[in-house]
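Colleague: I would like a close look at one part of this predicted model, followed by an account of the enclosed spaces.

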Amino acid sequence: MPITPSNALPKSRTEPDGSAVIRVLSYNIRSLSDDEAALTRVIRACEPDLVFVQEAPRFFRWRKHAARLAANTDLVMLSGGATAAGPLLLCSLRATVERTEDLLLPLRSGLHRRGFATAVVRFAGARVGVVSCHLSLQSDERHAQAGMLLDRLKAMDVPQAVVAGDINERPGGPSFCRLTAELQDCWAVAPWGAEHTSTALDPHQRIDAVFATDGVEVLGCGVPLDLPGVSTADLRAASDHLPVLGALRLAATG
């Protein structure tokens with residue numbers, strides 16, 4: 001059930017002091033294997049400035065498929081895709097891109113290759129590092145990847161950062177706790193919408209999340225419900241995961 005009315009989530013805007021309110025969306029899109037028209041409607045209705053995608057197309061003509069999704073949702077490709085083993089970043093034209101980097105994580109025999117899509121962008125006077133991730137299904141590898149994610153944030157040397165993705169673990173698990181020891185769990189800070197992200201047909205657990213460093217103000221975060229032009233049927237048809245939408249205020253950094 002929704003915690004607060006969906007229309008209460010702040011819209012994107014730039015403040016007089018150069019700080020910026022942005023909307024961020026995290027979404028496991030299962031390689032566009034579900035109803036792409038429904039997926040497009042959901043993303044457009046969320047009006048995101050940044051989309052942290054997991055399970056983006058990775059094989060034949062993957063760039064063409066990712067570019068089509070970006071164009072259909074009035075966004076542009078920022079970083080990732082097959083070159084990051086699935087995580088992808090999309091952004092609106094509001095973002096000014098400073099740099100991007102795709103990272104592949106160590107491969108363990110018999111397990112799926114994982115990676116990070118990363119970028120540093122600016123919104124008005126606010127500079128922020130962003131990472132899209134999809135952690136392992138295997139517990140000890142997932143825990144190690146959570147540590148690699150925190151190390152990557154430190155190496156990016158940014159004043160504030162946002163991480164989002166499919167954690168493949170519920171809050172309270174060791175990998176989730178490793179992340180929340182250093183980052184804000186945006187749902188826990190300012191719950192909005194609904195909590196559970198998996199599965200889309202039977203939401204019973206929260207394994208997808210948005211995290212932010214301490215300098216980021218969380219205005220609301222959760223699964224978007226009752227968005228104009230989007231039905232429950234769209235959310236169920238678009239993917240096997242539900243999306244996580246957050247509104248964040250980024251401080252001006254000069």
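Is leucine 137 buried or exposed, and what is its relative accessible area?

Modeller: Leucine 137 has a relative accessible area of 67%, and because the cut-off for an exposed residue is over 50%, leucine 137 counts as exposed in this predicted model. Leucine 137 sits in the loop that runs between strand 8 (126-134) and helix 3 (139-156). Leaving aside residues up to four places away in sequence, leucine 137 touches Arg114, Arg142 and Asn168. Its C-alpha atom is separated by 8.8 Å from that of histidine 112, a residue 25 places apart from leucine 137 along the chain.

Two of the residues just named, His112 and Arg114, also belong to the lining of the second largest cavity, together with Ala85, Pro87, Arg113, Gly115 and His134. That cavity has a volume of about 30 Å³, and its lining comprises two nonpolar, three polar and two charged residues.

The structure holds two cavities of 30 Å³ or more, and the largest contains about 50 Å³ of space. Of the 13 residues lining the largest cavity, Trp187, Glu195, Arg206, Asp208 and Val244 are the closest to its centre. Strand 11 (208-212) and strand 12 (217-222) each supply at least two residues of this lining, with strand 11 giving the most, at three residues. Sorted by class, the lining of the largest cavity has seven nonpolar, two polar and four charged residues.

Notes: Residues are numbered from 1 along each chain as its sequence is written. This is a predicted model: local features need pLDDT of at least 70, side-chain atom pairs count only at pLDDT 80 or more; totals for chains, interfaces and linings use all residues. Side-chain values use heavy atoms; hydrogens and water are left out. Helices (H or I, at least four residues) and strands (E, at least two) are DSSP runs, numbered from the N terminus. Buried means under 20% relative accessible area, exposed over 50%, partly exposed in between (1.4 Å probe, protein chains only). Contact means heavy atoms within 4.5 Å. On a 1 Å grid over the protein atoms alone, a cavity is a set of points where a 1.4 Å probe fits but cannot get out, and a pocket is an open set with protein on both sides within 12 Å along at least five of seven lines; lining residues have an atom within 4 Å of a point. Grid points are joined across faces, edges and corners, and a volume is the space filled by probe spheres set on the points. Ala, Val, Leu, Ile, Met, Phe, Trp, Tyr, Cys and Pro count as nonpolar, Asp, Glu, Lys and Arg as charged, and the others, Gly among them, as polar.
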